Amino acid sequence: MIPKTMKAVVLSRPTQAENVCLSEVPVPQVRPGWVLVKVKAFGLNHSEQILRLNEIQADYISKPIIPGIECVGEIADPSDSLFSLGQKVAALMGGMGRSFGGSYAQYALLPASHVFSVRTQLSWTEMAAVPETYFTAWGSLFECLKLCKEDTLLVRGGTCALGYAAIRLAKALGCRVIATTHRQQKLGLLIWADQAVLDTGTLAGSFSGITKALDLVGPKTLRDTLGCVEKGGIVCNTGILGGVYTLNGFDPIKEIPNGVYLTGFFSNYPDQQTITNIFSFIDSHRIKPDIGAIYSFGKISAALSDMDHHKVDGKIIVTM
Ligand SMILES: NC(=O)c1ccc[n+]([C@@H]2O[C@H](COP(=O)([O-])OP(=O)(O)OC[C@H]3O[C@@H](n4cnc5c(N)ncnc54)[C@H](OP(=O)(O)O)[C@@H]3O)[C@@H](O)[C@H]2O)c1
């Protein structure tokens, strides 16, 4: 039985984590092309922090908005889709939590095209650590970097949920992995990598044999990362942890070394086949996604605050 109302986080303006609370709002009504998902758990993301603190002011954000770009749960109303009632699903991106209501709610009305069926051995909590983080890591590594087991991969900004996921996938494939952190005290957290390196901001020229690089720090370090890979190597910019979003004055002729390739990944276009492949790879390689902390939905403010203050290492999961 679907209730008439539900608990949700609803934002209209920049909001500090300490001021986030649960409101009682109507459960959204299904319509053709959209399905209602009963949310079981969701992961928190750096981009939701950007939305909550600043981006929410942009015209393209539908306000008031229920944030949250991903969730796992069960189909509560399949509407006119091919999903069945109670089917286990994951959903992510495509405007979720920006153009239409997202996952910080007991129910989410989502376009059927951005909801994917999932078969997995993982628990709801473990499963919630996968959709956005592993889809982004997977796309960056396989679609963009064309990663194969002979590669040596550099993960720049390894101590974030996405970094840990990328390291786990690359190690499961059989690659050699070098990962960096900008904090000396976090070197010991990069246990899944073959080598942990302190990122001083200048790494170009200090390695040999790196064939692929995933830059999660972003434009702040990208020029330098281009100088870390061998001729024929590929650099993929996926993150913006450095807080710099564009490459001002970038001169591709002089700044991309000859024979080095530059690409970027955007997680906005997930598809069923890739989601199926990811969960199958995780199950077959017995990967347990790294979870930094788990909070109940009633503690959402504390979860967001701990994310803002960098208190949690790894993916933060909220369970309903
Ligand atoms: N392209 C896409 O479609 C896409 C999709 C998903 C995520 N992303 C991006 O990927 C990055 C990681 O996302 P996430 O959700 O995995 O993040 P997250 O788990 O929330 O990680 C954030 C943590 O990264 C750490 N960090 C590591 N290196 C850093 C550096 N050089 N500068 C600043 N902080 C650093 C920070 O902790 P310490 O400072 O204590 O180390 C911070 O607490 C973000 O920039 C996010 O926007 C992009």
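Visitor: How do the residues of the shell around the ligand divide into nonpolar, polar and charged?
Guide: This is a predicted model, to say that up front. In the shell, nine residues are nonpolar, 14 are polar and three are charged.

Visitor: OK, and which residues sit closest to the ligand?
Guide: Cys 160, Ala 161, Leu 162, Gly 239 and Ser 267 are the closest, out of 26 residues that surround the ligand.

Visitor: Which elements give two or more residues to that shell?
Guide: Helix 1 (46-53), helix 3 (131-144) and helix 4 (161-173) do. Helix 3 provides the largest share, with three residues.

Visitor: Let's back up a bit. How is the chain divided into domains?
Guide: Domain 1 is made of two stretches, 5-130 and 289-319, while domain 2 covers 133-264. Their C-alpha centres are 28 Å apart.

Visitor: How many residues does each domain put into the contact?
Guide: Domain 1 puts in nine residues and domain 2 puts in eight residues. On the domain 1 side, the classes are four nonpolar, two polar and three charged.

Visitor: And back at the ligand, how many residues does the shell draw from each domain?
Guide: At least three from each of domain 1 and domain 2.

Visitor: New topic: the sheet with six strands. What order do the strands have?
Guide: The order is 10-9-8-11-12-13, the pairing is parallel, and the sheet is open.

Visitor: Which strands stand at the edges?
Guide: Strand 10 (195-198) and strand 13 (261-264). Each has a single partner strand, so one side of each has no neighbour in the sheet. As for the twist, going from one strand to the next it averages 20°.

Visitor: Can you zoom in on one pair? How many bridges do strand 8 and strand 9 pair over?
Guide: Strand 8 (residues 152-156) and strand 9 (residues 176-181) pair over four bridges, in the parallel sense. Within that pair, Leu 153 is opposite Val 177 of strand 9.

Visitor: Which strands does helix 4 touch?
Guide: Helix 4 packs on the sheet and touches strand 8, strand 9 and strand 11 (212-215). The direction of helix 4 makes about 165° with the direction of strand 9.

Visitor: What about helix 3 and helix 7? At what angle do their axes cross?
Guide: Roughly 100°, and the axes come within 10 Å; helix 7 spans residues 272-284. That crossing makes helix 3 roughly perpendicular to helix 7.

Visitor: Which residues meet there?
Guide: From helix 3 you have Tyr 134, Phe 135 and Trp 138, and they meet Thr 274, Ile 275 and Ile 278 from helix 7. By class, this contact has five nonpolar residues, one polar and no charged.

Visitor: Last topic, the backbone. Is the peptide bond from Lys 63 to Pro 64 cis or trans?
Guide: That bond is cis, with omega near -5°.

Visitor: And where is Pro 64?
Guide: Pro 64 is in the loop between helix 1 and strand 4 (70-77).

Visitor: One more: is phi of Lys 146 positive or negative?
Guide: Positive, near 50°, and Lys 146 is a residue other than glycine. You'll find Lys 146 in the loop between helix 3 and strand 8.

How values were computed:
Residues numbered from 1 in each chain as written. Predicted model: local features only at pLDDT ≥ 70, side-chain atom pairs only at ≥ 80, totals over all residues. Domains from an automatic or database assignment. Contact = placed C-beta atoms within 7 Å. Nonpolar A, V, L, I, M, F, W, Y, C, P; charged D, E, K, R; others polar. Near = placed C-beta within 6 Å. Pairing = 2+ DSSP bridges. Axes fitted to C-alpha atoms, helices over the stretch in contact; angles between N-to-C directions. Parallel < 35°, antiparallel > 145°, perpendicular 65-115°, else oblique.
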